[in-house]
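User: I'd like to go through this model and ask where the labels come from. Can you walk me through the reasoning as we go?

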Amino acid sequence: MAAHRKPRSRTTAAGAGRTARTAWTIALAGAATATGFDGTGHAEPQLTPAQVKAKVDKLYQEAEVATEKYNGAREKAEAAGRRIRALQDEAARKTQKLNAAREALGSMAAAQYRDGGVDPAFQLALSSDPDRYLDGAEFAERAGNRQAASVAEVRRQLREIEQLRGAARVELKSLTSRQAELRRHKKTITGKLDEARAHLARLTGGQRALDDRADRSASAARTALAAPGSAAAQAPNARAAAAVSYAYTKLGSPYVWGATGPNAFDCSGLTQAAYRAAGVSLPRTTYSQIGAGRRVSRSELLPGDLVFFYSGISHVGLYIGNGQMIHAPNPSAPVRVAPLDEMPFAGATRVA
């Protein structure tokens, strides 16, 4: 028994040693892993100002895609709201008319009740003047026909009102769907803009100031190249000239997503406001505005033409000549003059 127990004791000790070494190895691995996560080995590399700018520009472009979708959903929601109000107004008018018809029927019913509903044959037999009674009976028959027509009219009005209420329910469902879509796009927009601001916050004060000065000097130089008078004079017609003149008056206005003026704009809001000032009604979104006129090539551009950018047609500006446009860029820059080459050109439309 002693010989049997001794090897077992050695095996246990060896197992314990291996267990201890395994535990120690795991502890070291865990410590190394923790150090790796807490240390700088896995930290995000420091981006250069140029890389930050590129990343921010991409986020702004993605936010603008969502902004145009938001604008489209809002336009449809507002249209659904107008249709609901029109249906409600029409239903109210028809209900008022129905109530008047019901009152008239009630008066007829009350009159019949007061007359006692005596059989016409007995009324004829008891009448002292049968000829006069027959004339009266003919009148009563005509009155009965009118009463039947009144009942039919009331029924028709009831059906119309129910149809209006059904249409209003459909529009309300559409409006609820559009409102949910608005909330989704708004969440996307604010998320992209918050991320862009976080990237910009990583730049030092000197880097931001240098970048701002470069933007301002470039914008001033571009503005000097395209005077409002000469741009308007080259426009194909008076409405395009008026749109260009309006856009010049809005240089320096802030970019606010979803805004259509008069003091702030997003890209399609600026072009819509410019043509609204010229007496032309444009759709709200870039996707719709590109189909609002005659398509023209880049070589045919004239002041007042709408110029579109990116493959998804998510940005628009107003052409002013000399390869330049006025546009509302993004939240980091106000309405300003910029070259068409600043973004990937996608197409152009002549509105007026």
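User: What comes right after α8, and what is the sign of its phi?

Analyst: That's G279, and its phi is positive, near 85°. Keep in mind that this is a predicted model.

User: What makes α8 count as largely enclosed by the rest of the structure?

Analyst: The cut-off for buried is under 20% relative accessible area. In α8, residues 267–277, 9 of the 11 residues are buried, so the helix is largely enclosed by the rest of the structure. Those buried residues are C267, S268, G269, L270, T271, Q272, A273, A274 and Y275. For the protein as a whole, 33% of the 352 residues count as buried.

User: Which strands make up the sheet, and in what order?

Analyst: The order is β1-β6-β2-β3-β4-β5, an open sheet of 6 strands with antiparallel pairing.

User: Why are β1 and β5 said to stand at the edges?

Analyst: Each of them, β1 (294–296) and β5 (336–339), has a single partner strand, so one side of each is left without a neighbour in the sheet. As for twist, neighbouring strands of this sheet are turned by 40° against each other on average, ignoring direction.

User: How do you know that β3 and β4 pair?

Analyst: Pairing takes at least two bridges. Strand β3 (residues 315–321) and strand β4 (residues 324–327) are joined by 3 bridges and run antiparallel, so by that cut-off they pair. Across from Q324 in β4 you'll find G321, and L318 is opposite I326 in β4. The two strands form a hairpin with 2 residues between them, and N322 in the turn has a positive phi of about 55°.

User: What packs on this sheet, and which strands are touched?

Analyst: One helix there is α7 (residues 238–249), which touches β3 and β4, with its direction at about 105° to that of β3. Another is α8, which touches β2 (306–309), β3 and β4, its direction making about 50° with that of β3.

User: What makes β3 mostly covered?

Analyst: Go by the residue tally: 7 of its 7 residues are buried, each therefore under the 20% cut-off.

User: And how do you know that β2 and β3 pair?

Analyst: Same kind of check. They're joined by 4 bridges and run antiparallel, and at least two bridges are needed. F309 has H315 in β3 as its bridge partner. These strands form a hairpin with 5 residues between them, and Y310 in the turn has a positive phi of about 70°.

User: Now the aromatics. Why is the pair of Y70 and W257 called edge-to-face?

Analyst: Two cut-offs matter: centres within 6.5 Å make a pair, and planes over 60 degrees apart make it edge-to-face. The ring centres of Y70 and W257 are 4.8 Å apart and the planes are at 85°, so the pair is edge-to-face. Y70 sits in helix α2 (residues 49–115) and W257 in the loop between α7 and α8, 187 residues apart. Y70 is called buried because its relative accessible area is 13%, and the cut-off is under 20%.

User: What makes F309 and F345 a pair too?

Analyst: They're 6.0 Å centre to centre, with 80° between the planes, an edge-to-face pair. F309 is in strand β2 and F345 in strand β6 (residues 345–350), so the pair ties together parts that are 36 residues apart in sequence. A search of the whole structure finds 2 aromatic pairs.

User: Why do F309 and F345 get different labels for burial?

Analyst: F309, at 0% relative accessibility, counts as buried. F345, at 26%, counts as partly exposed, because that label runs from the buried limit of 20% to the exposed limit of 50%.

User: How do you know that R298 lies over the face of F345?

Analyst: The distance cut-off is 6 Å from the ring centre, along with an angle limit of 35 degrees from the ring normal. R298 is at 5.1 Å from the ring centre of F345 and is listed as lying over its face.

User: Last one: why is T190 called partly exposed?

Analyst: Its relative accessible area is 30%, which lies between the 20% and 50% limits. T190 is in helix α4 (residues 130–201). Its C-alpha is 9.8 Å from that of T67, although the two are 123 residues apart along the chain.

Conventions. Residues numbered from 1 in each chain as written. Predicted model: local features only at pLDDT ≥ 70, side-chain atom pairs only at ≥ 80, totals over all residues. Heavy atoms only, no water. Buried < 20%, exposed > 50% of the residue type's maximum accessible area, 1.4 Å probe, protein only. Axes fitted to C-alpha atoms, helices over the stretch in contact; angles between N-to-C directions. Contact = heavy atoms within 4.5 Å. Phe/Tyr/Trp six-rings, centres within 6.5 Å; stacked < 30°, edge-to-face > 60°.
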